[in-house]
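Work through the following exercises with the model open beside the text, and try each task before reading its solution.

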Amino acid sequence: MTHQNPPADGERHRIRHHCALTGQIVTDHDGERLDTLRPALAAHIRAAHPGIPDDAFISREALAAERSTMIAETLQAERGDLSQIERDVIESLARHETLAANVEEELDENRTLGERSADLIASFGGSWTFIIGFCGLLVVWMIINTALLAAGAFDPYPFILLNLVLSCIAALQAPIIMMSQKRQEAKDRKRSENDYRVNLKAELEIRHLHEKIDHMLTRQWERLAEIQSIQIELMEEVLQRRR
């Protein structure tokens, strides 16, 4: 015969509710009542689900989905048709995912051998090491063909072979550098898209936070006003009894 451990005090006293939108059974810590939500979100849920009672209990998962739908409708009204990036941000809000990513590291890990070679050649070709070394090679080439091998120079003045070599190097180096620059442009574009995702999500979260704080302050002022009215009524009753 197996024995089950009794539930903890916190679990025993939690009240279970049926979510009005999904029908799932959740505890009171995993959702909120409709009349306690901020007005904009509550109005959106009432419009999407006509006839829902004010005391309806809604799970946090369903609230996240409704909130994402409301954000999508708000952005569409402000900016028109939504792009795929904006839709991804809205979905990440519902799933509570982190969008920040090291785009440069991901692209560098997926480079092919040709892309690695192009980046290496472009990096070396744009350095002072290449400039100084190449100038030294030109000087040595000219000295060999003018002073050391004056009688039997393999490339006498005006250095036609040297001009051909320089033309071939320039013809090959230019497309390789363009390949590297194209990869850099793609990397910058990915980085800009990631920054836009993060900034858009931060903007939406801050907007939601402001609305939530305003709603909490409004409710707090209402409760303070109720408490103050009760205190006044109690004081009046005490004064009437003394009389």
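**Exercise 1: two helices in contact**

Helices α2 and α3 are roughly perpendicular to each other, because their packing angle falls in the class from 65 to 115 degrees (angles under 35 degrees count as roughly parallel, over 145 as roughly antiparallel, and the rest as oblique). This is a predicted model, in which local features need pLDDT of at least 70, side-chain atom pairs count only at pLDDT 80 or more, and totals for chains, interfaces and linings use all residues. Residues are numbered from 1 along each chain as its sequence is written, and side-chain values use heavy atoms, with hydrogens and water left out.

Task: give the angle and the axis separation for α2 and α3, and list the residues of the contact.

Solution. Two packed helices are described by the angle between their axes and the distance between the axes. For α2 and α3 the angle is about 95° and the axes are 10 Å apart, where axes are lines fitted to C-alpha atoms, for helices over the stretch in contact, and angles run from 0 to 180 degrees between N-to-C directions. On the α2 side the contact is made by Ala40, Leu41, His44, Ile45 and Ala48, and on the α3 side by Leu63, Glu66, Arg67, Thr69, Met70 and Glu73 (contact means heavy atoms within 4.5 Å). By class, this contact has six nonpolar, two polar and three charged residues, with Ala, Val, Leu, Ile, Met, Phe, Trp, Tyr, Cys and Pro counted as nonpolar, Asp, Glu, Lys and Arg as charged, and the others, Gly among them, as polar.

**Exercise 2: the sides of α2**

Task: state which residues of α2 (residues 39-48) are buried, and what covers them.

Solution. The buried residues are Leu41, Ala42, His44 and Ile45 (buried means under 20% relative accessible area, exposed over 50%, partly exposed in between, with a 1.4 Å probe and protein chains only). Because they cover an arc of only 160° around the axis, they lie on the same side of α2; the arc is that of the directions from the helix axis to the C-beta atoms. Pro39 and Ala47, on the other side of α2, are exposed. The cover over the buried residues of α2 includes β4 (57-59) and α3.

**Exercise 3: α6 against α8**

Task: determine how α6 (residues 113-125) packs on α8, and which residues meet.

Solution. The angle between α6 and α8 is about 110°, with their axes 8 Å apart, and the two helices are therefore roughly perpendicular to each other. From α6, Glu115, Ala118, Asp119, Ile121, Ala122 and Gly125 meet Gln173, Ile176, Ile177, Met179, Ser180 and Arg183 of α8. The residues of this contact of α6 with α8 divide into six nonpolar, three polar and three charged.

**Exercise 4: backbone geometry before α8**

Task: find what kind of peptide bond joins tyrosine 157 and proline 158, and say whether phenylalanine 159 is buried or exposed.

Solution. Most residues other than glycine have a negative phi, and most peptide bonds are trans. The bond that joins tyrosine 157 and proline 158 is cis, with omega about 10°, and proline 158 is placed in the loop between α7 (128-148) and α8. Phenylalanine 159, in the loop between α7 and α8, has a positive phi near 60°. At 9% relative accessibility, phenylalanine 159 counts as buried.

How values were computed. Helices (H or I, at least four residues) and strands (E, at least two) are DSSP runs, numbered from the N terminus.
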